[in-house]
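Work through these exercises with the sequence and the model side by side. Try each task before you read its solution.

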Amino acid sequence: MATVDLRDVRKVYPGGVEAVKGVSIAIPDKALCVLVGPSGCGKSTLLRMIAGLETISAGSVSIDGRVVNAIGPAERDIAMVFQNYALYPHMKVYDNMAYGLRNRGKAKDEIDRRVRETAEILELGHLLERRPRELSGGQRQRVAMGRAIVRNPKVFLFDEPLSNLDAKLRGQMRVEIKNLQRSLGVTSVYVTHDQLEAMTLADVLVVMNAGQVEQLGNPLDIYEKPASTFVASFIGAPPMNLLKLTRGSNEFAFANGAHVAVAAPAGAAILGFRPEDAEAVPGDQAPQAGLALPAVVEAVEPVGSESFLYCSAAGSRIIVRVPGRATATPGDKLRIGAKSEKLHWFDEAGKRVG
Amino acid sequence: MALSFRRRKSLSPRVVFPNRILPYLLVAPQLAITAVFFYWPASQALYQSALREDPFGLSSKFVWFDNFVRVLSDPNYVNSVQVTAVFSLATALVAMAVALLLAVMADKVIRGRGIYRTLMIWPYAVAPAIAGMLWLFLFNPSIGTLAYGLRWLGIAWNPLLDGGDAMVLVVAAAAWKQISYNFLFFVAGLQAIPKTLIEAAAIDGAGETKRFWTIIFPLLAPTTFFLLVINTTYAFFDTFGIIHAVTGGGPGKATETLVYKVYNDGFVNLILGDSAAQSVILMAIVIALTAFQFRFVERKVHYG
Ligand SMILES: Nc1ncnc2c1ncn2[C@@H]1O[C@H](COP(=O)(O)OP(=O)(O)O)[C@@H](O)[C@H]1O
Ligand SMILES: [Mg+2]
């Protein structure tokens with residue numbers, strides 16, 4: 001129903017903080033765009049500029065082809081779900097959901113029909129007469145969603161909507177939000193600092209860092225080809241192993257002097273590989289893969305379905321994922337391998353090469 | 001008592017004094033103060049209200065409820081009740097409405113916020129009698145600067161002769177002094193409203209005025225209710241100094257509130273029995289009023 005276009009959007013707060021430093025994103029119709037990044041990187045600021053809650057210092061925000069820089073939040077036809085839900089505490093659930101429709105002068109029976117329909121979708125029917133303080137965290141979250149959906153806006157905006165829920169509920173709601181967004185077909189912008197949420201929800205994933213876009217694209221593409229060491233360590237859990245190299249004559253040396261021969265592209269200075277792409281074999285054997293780093297196990301973290309070995313190798317901490325129960329114990333000597341096509345290379349500045 | 005203590009203990013790890021006497025010793029100072037400064041004078045007033053002194057104040061006799069009957073059938077007293085109702089209602093409403101307006105505006109000030117608020121609090125530090133004198137001078141028909149301005153605007157203004165003008169003047173002075181106090185509470189109340197609620201309402205299509213009446217004002221209800229109780233009590237009891245300084249209850253008896261009449265009859269006219277009966281009635285009125293406020297008004301208040 002609507003596209004959202006950000007063109008070189010900037011935000012300088014009155015105090016002089018430059019929170020967003022030129023962001024351009026084109027969100028296609030019906031897509032769910034996730035902004036992910038560490039706390040303080042400007043995600044909320046960007047979202048609030050789309051909502052009309054913050055002025056735009058430079059650049060333009062367009063919704064459905066119309067520049068909305070000078071238009072108030074009410075006229076942008078957006079709905080927002082806040083992190084603390086921002087439910088009106090003195091109103092019943094019904095009135096919380098009806099408030100926006102009443103302000104827009106909708107007829108009483110239409111309001112009633114839409115509120116009840118939405119409540120049906122979200123299984124809130126039996127809660128309509130309650131006040132927010134009589135609801136659990138998960139129920140409040142659903143009411144906040146309901147308040148957004150009932151208005152049938154052009155764009156949904158979510159600012160960390162699940163971060164106040166416990167892990168299990170967060171997982172359920174994540175799936176539910178995705179399904180709702182799909183079935184309603186409403187273009188959405190979703191802010192989170194949780195990379196799992198970002199990966200699973202996004203049609204378009206935007207990784208932000210210090211007010212700028214680090215990488216933008218399909219989540220799996222970003223996972224497979226992170227554009228920088230920042231993205232590599234932010235997307236994926238546990239994070240990608242990153243090792244600094246010094247260039248030898250025809251091969252690469254790890255910072256502590258251990259030599260390992262690997263074919264590296266020109267300009268590479270940092271080697272990265274993911275824990276799930278790594279392979280660990282006992283110290284006296286050679287791994288099949290190109291890389292064969294000698295390492296010592298420092299800790300073992302069993303998760304059940306898999307285990308993580310925390311090793312020290314070449315002066316760095318390296319995490320290796322092994323399926324099921326790990327046989328290694330702390331102090332064991334290992335060799336860590338990774339297939340050469342699973343290796344990532346970055347230059348001195350952390351940008352991807354090759 | 002012992003039973004309820006034990007039950008509490010099983011529910012929460014509360015500290016319990018096994019000693020039977022210590023708790024009473026600990027509350028004794030508080031009880032003593034309440035007894036000496038409240039119950040004793042109250043009981044004295046109650047006792048006095050049933051006595052009638054002879055004109056020379058040499059002897060007194062027990063007359064049961066005669067004083068009450070006389071007071072309640074006195075047209076001056078009925079007038080005083082009306083004056084008090086008008087005065088208290090007007091003072092509380094003006095003081096709260098103006099304070100709320102100022103607080104809402106102060107909430108929007110970004111630069112010099114602290115200075116603005118500090119300046120707003122000063123009137124509260126002014127003693128009632130001085131506040132009264134201030135307003136008296138400003139609005140004195142012959143020398144008052146503002147009275148001159150009013151006359152220039154074509155308003156016939158003379159609080160020394162006109163009872164209505166006098167009432168306006170005492171209400172203004174009494175409200176002015178209470179505005180700072182109300183302002184502080186309203187500012188705090190406004191700050192306690194999460195900003196995201198206002199933002200959510202803005203996105204929900206509510207304009208500024210609508211947001212105020214549908215979100216901010218209802219959420220301020222606990223503060224407003226608290227201030228309503230405080231302001232009515234203030235208007236009833238703590239405005240004696242202002243009335244004394246500004247109008248002395250006049251002209252005629254146009255600004256003679258119940259408290260002022262107690263003083264006039266008791267200390268000026270020395271009709272102690274009547275004065276005591278009036279105090280007792282006053283006490284009953286305030287208790288009834290507060291009970292009413294808590295019972296009926298508070299019910300409409302939503303505490304977050
Ligand atoms: N109202 C504000 N005034 C000044 N600086 C702000 C304001 N809001 C946020 N900031 C600053 O802008 C930066 C980005 O904040 P924010 O967008 O909230 O980050 P995120 O949502 O990614 O955690 C931070 O450095 C923060 O301190
Ligand atoms: Mg944020």
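**Exercise 1. Describe the surface and make-up of chain B.**

Solution. Begin with the surface. In this predicted model, chain B has an accessible surface of about 17700 Å². Carbon and sulfur atoms own 71% of that surface. Next, look inside. Chain B has 304 residues, and 39% of them are buried. Then list the elements: 14 helices and two strands. Last, check the contacts. Take those in chain B with a separation of 6 or more; residues 24 or more positions apart account for 66% of them.

**Exercise 2. Do the same for chain A.**

Solution. Start with the surface again. Chain A exposes about 15500 Å². Here carbon and sulfur atoms supply 49%. Of the 354 residues in chain A, 51% are buried. The elements are eight helices and 21 strands. Among contacts between residues at least 6 apart in sequence, 65% join residues at least 24 apart. Finish with the dimensions: along its principal axes, the C-alpha trace of chain A spans about 80 × 45 × 35 Å.

**Exercise 3. What should helix α2 (residues 22-48) of chain B span, and what does the model show?**

Solution. Count first: the helix holds 27 residues. The rule is 1.5 Å times one less than the number of residues. That gives an expected span of 39 Å. Now compare. The end C-alpha atoms of α2(B) are 37 Å apart, which agrees with the expected value. Then follow the axis along the helix. At B:Ala28 there is a kink of about 45°. The proline B:Pro29 comes shortly after the kink.

**Exercise 4. Is B:Ser88 buried or exposed?**

Solution. Locate it first: B:Ser88 sits in helix α4 (residues 75-108) of chain B. Its relative accessibility is 2%. The cut-off for buried is under 20%. So B:Ser88 counts as buried. Now find its partners. Set aside the neighbours within four places in sequence. B:Ser88 is then in contact with B:Ala235 and B:Phe236.

**Exercise 5. Which residues of helix α9 of chain B are buried, and what do they pack against?**

Solution. Find the helix at residues 195-203 of chain B. Seven of its nine residues are buried, so the helix is mostly covered. They are B:Thr196, B:Leu197, B:Glu199, B:Ala200, B:Ala201, B:Ala202 and B:Ile203. Next, identify the partners in chain A: α1 (43-51), β6 (78-81), α2 (93-103) and α4 (137-149). Chain B adds α10 (208-219). Finally, step just past the end of α9(B). There B:Gly205 takes a positive phi of about 85°.

**Exercise 6. Which residues surround ligand 1, and which polar atoms lie by it?**

Solution. List the shell. It consists of A:Tyr13, A:Ala19, A:Pro38, A:Ser39, A:Gly40, A:Cys41, A:Gly42, A:Lys43, A:Ser44 and A:Thr45. The largest share, three residues, comes from α1(A). Now take the polar pairs one at a time.

- A polar side-chain atom of A:Tyr13 is 3.3 Å from a nitrogen atom of the ligand.
- A polar backbone atom of A:Gly42 is 3.1 Å from an oxygen atom of ligand 1.
- A polar side-chain atom of A:Thr45 is 2.4 Å from an oxygen atom of ligand 1.

End with the cover. Taken alone, ligand 1 exposes 560 Å², and the protein buries 60% of that.

**Exercise 7. Where do A:Glu160 and A:Ala210 lie, and how accessible is each?**

Solution. Take A:Glu160. It lies in the loop between β7 (155-159) and α5 (167-184) of chain A. Its phi is positive, about 45°, although it is not a glycine. With 11% relative accessibility, A:Glu160 counts as buried.

Turn to A:Ala210. It lies in the loop between β9 (204-209) and β10 (212-217) of chain A. Its phi is near 50°, again positive in a residue other than glycine. At 41% relative accessibility, A:Ala210 counts as partly exposed.

**Exercise 8. What is the form of the peptide bond from A:Ala237 to A:Pro238?**

Solution. Read omega: it is near -10°. The bond is cis. Then place the proline. A:Pro238 is in the loop between α8 (229-234) and β11 (241-247) of chain A.

Methods: Residues numbered from 1 in each chain as written. Chains lettered and ligands numbered in written order. Predicted model: local features only at pLDDT ≥ 70, side-chain atom pairs only at ≥ 80, totals over all residues. Heavy atoms only, no water. Buried < 20%, exposed > 50% of the residue type's maximum accessible area, 1.4 Å probe, protein only. Helix = DSSP H or I, 4+ residues; strand = E, 2+ residues; numbered from the N terminus. Contact = heavy atoms within 4.5 Å. Bend = angle between axes of the 7 residues up to and from the residue. Near = heavy atom within 4 Å. Polar contact = N/O pair within 3.5 Å; in protein donor to acceptor, adjacent residues only side chain to side chain. Areas by Shrake-Rupley, 256 points an atom, 1.4 Å probe, with all protein chains shown as cover.
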